[in-house]
Amino acid sequence: MNKVKIKRGDMVQVIAGKEVGRTGRVLLIDREKGKIVVEGLNMQTKHQKPNRANQTGGITRREAPLHISNVMYLHKDKPTRIGYKVETTDGKVVKKRYAKSTGELID
């Protein structure tokens, strides 16, 4: 799997699939499988039996993972690709993310 350029907490927009056009914040990233969980998107229902943690059981809704290629980073409310710029400050090499559409640093 290629390097994942999106981090937890980033705002992303879905560009493919049934949730196309919707946006949300990244909750979880699975780098090995190339999956990403976005807050409030790709909701699935899960039927749970009662247990010690959940006394009542019932039907719960939770976010299911999306493939990372189906989302794009949102920069100023527009989807953009992410690149890296390598800067040297005080003899240290620092790798920073930037939005390819505007050229501005992200973090």
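## Strand pairing around strand 7

Two strands pair if DSSP finds at least two bridges between them. In this predicted model, strand 1 and strand 7 meet that condition, with three bridges in the antiparallel sense. Strand 1 covers residues 11-14 and strand 7 covers 71-75. One link is between Val-12 and its bridge partner in strand 7, Tyr-73.

Strand 7 also pairs with strand 8, residues 78-80. These two run antiparallel and are joined by three bridges. Here Leu-74 has Pro-79 as its bridge partner. Strand 7 and strand 8 form a hairpin with two residues between the strands. Lys-76 takes a positive phi near 55° in this hairpin.

Is strand 7 largely enclosed or open? Four of its five residues are buried, so strand 7 is largely enclosed by the rest of the structure.

## The nonpolar core

The largest nonpolar core has 13 residues. Which of them touch the most other members? They are Ile-6, Val-12, Ile-36, Leu-66 and Val-71. Three elements give two or more residues to this core: strand 1, strand 3 (35-38) and strand 7.

Val-12 links the core to the strand pairing. Beyond four places in sequence, Val-12 touches Ile-6 and Val-71, both listed with it among the best-connected core members. Other contacts of Val-12 include Met-72, Tyr-73 and Leu-74. Val-12 also touches Arg-22, Thr-23, Gly-24, Val-26 and Val-38.

## A buried asparagine in a loop

Asn-42 sits in the loop between strand 3 and strand 4, the latter spanning 43-48. Is Asn-42 buried or exposed? Its relative accessible area is 9%. Buried means under 20%, so Asn-42 counts as buried.

What surrounds Asn-42? Leaving aside neighbours within four places in sequence, Asn-42 is in contact with Lys-18 and Glu-19. Its contacts also include the run Arg-62, Glu-63, Ala-64, Pro-65 and Leu-66. A polar atom of the Asn-42 side chain lies 3.2 Å from the backbone oxygen of Pro-65. Leu-66, another of these contacts, is also a member of the largest nonpolar core.

Val-94 lies elsewhere. The C-alpha atoms of Asn-42 and Val-94 are separated by 35 Å, and the two residues are 52 apart along the chain.

## Lysines over tyrosine rings

Two lysines sit over tyrosine rings. Lys-85 lies over the face of Tyr-98, at 4.7 Å from the ring centre. The charged end of Lys-95 sits over the ring of Tyr-84, 4.5 Å from its centre.

How many aromatic pairs are there in the whole structure? The search finds zero.

Definitions and conventions. Residues are numbered from 1 along each chain as its sequence is written. This is a predicted model: local features need pLDDT of at least 70, side-chain atom pairs count only at pLDDT 80 or more; totals for chains, interfaces and linings use all residues. Side-chain values use heavy atoms; hydrogens and water are left out. Rings of Phe, Tyr and Trp (its six-membered ring) pair if their centres lie within 6.5 Å; planes under 30 degrees apart count as stacked, over 60 as edge-to-face and the rest as tilted. A charge sits over a ring if NZ of Lys or CZ of Arg is within 6 Å of the ring centre and within 35 degrees of the ring normal. A nonpolar core is a set of buried Ala, Val, Leu, Ile, Met, Phe, Trp, Tyr and Cys residues joined through side-chain atoms within 4.5 Å. Buried means under 20% relative accessible area, exposed over 50%, partly exposed in between (1.4 Å probe, protein chains only). Contact means heavy atoms within 4.5 Å. A polar contact is a pair of N or O atoms within 3.5 Å; within protein, one must be able to donate a hydrogen and the other to accept it, and residues adjacent in sequence count only if both atoms are side-chain atoms.
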